[in-house]
Amino acid sequence: MSGCEEYTLITDPESLFKINHPELPLSYYTGVLGMAGLTAYAGFFDVSKPKQGDYVFISSASGAVGQLVGQLAKITGCYVVGSVGSDEKFTPAIE
Ligand SMILES: NC(=O)c1ccc[n+]([C@@H]2O[C@H](COP(=O)([O-])OP(=O)(O)OC[C@H]3O[C@@H](n4cnc5c(N)ncnc54)[C@H](OP(=O)(O)O)[C@@H]3O)[C@@H](O)[C@H]2O)c1
């Protein structure tokens, strides 16, 4: 929840959590194992409750959250369609 900066003032230390898998690159905690990953996981599995074979449409599929939802949907066995703002943002994993 802090910025990408050399020093951060943490005013609510209870919001911090222990890194349980130090063998993984720390950068993962800014993406798939961080806020974006939690948002994608909770939004997809807890809110959407997808089933194998469901059709899933992801707007802004190239965004931090959208690109994770696309991968979660694929491994769940869904048919996935994503929209992005330009051809350069097309990701073959979400075809
Ligand atoms: N990241 C988090 O931890 C987090 C946590 C909670 C909630 N959220 C929410 O989840 C959503 C996505 O977040 P994100 O972190 O994935 O953002 P992001 O990486 O900045 O991606 C957002 C995407 O939205 C699209 N977009 C931007 N302006 C647009 C516009 N005017 N019309 C249509 N599309 C537009 C862009 O895709 P294209 O250029 O391909 O169109 C961009 O890639 C946001 O609403 C955010 O508030 C994110």
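**View 1. A nonpolar patch lies on the surface of this predicted model.** Tyr55, Phe57, Tyr79 and Val81 make up the patch and together offer about 510 Å² of accessible area (Shrake-Rupley method, 1.4 Å probe, with only the protein chains shown counting as cover for residues). Patch members have over 30% relative accessible area and no salt bridge, and nonpolar side chains are joined within 5 Å; a salt bridge would put a Lys or Arg side-chain nitrogen within 4 Å of an Asp or Glu carboxyl oxygen. Strands E1 (55–58) and E2 (79–82) each supply at least two of the patch residues, and Val81 sits in E2 (strands are DSSP runs of E, at least two residues, numbered from the N terminus).

Residues are numbered from 1 along each chain as its sequence is written. Local features need pLDDT of at least 70, side-chain atom pairs count only at pLDDT 80 or more, totals for chains, interfaces and linings use all residues, and side-chain values use heavy atoms, without hydrogens and water.

**View 2. Here we meet the residues around the ligand.** Among them are Met35, Thr39, Ser60 and Val84, where "around" means a heavy atom within 4 Å.

**View 3. Now for polar contacts with the ligand** (N or O pairs within 3.5 Å). Backbone N or O atoms of Ala36 and Ala64 lie 3.3 Å and 2.8 Å, respectively, from a ligand oxygen atom. A polar side-chain atom of Lys89 lies 2.4 Å from a ligand oxygen. Taken alone, the ligand exposes 890 Å², and the protein buries 37% of that.

Technical notes: Polar contact = N/O pair within 3.5 Å; in protein donor to acceptor, adjacent residues only side chain to side chain. Patch = residues over 30% accessible without salt bridge, like charges linked within 9 Å, V, L, I, M, F, W, Y side chains within 5 Å. Helix = DSSP H or I, 4+ residues; strand = E, 2+ residues; numbered from the N terminus.
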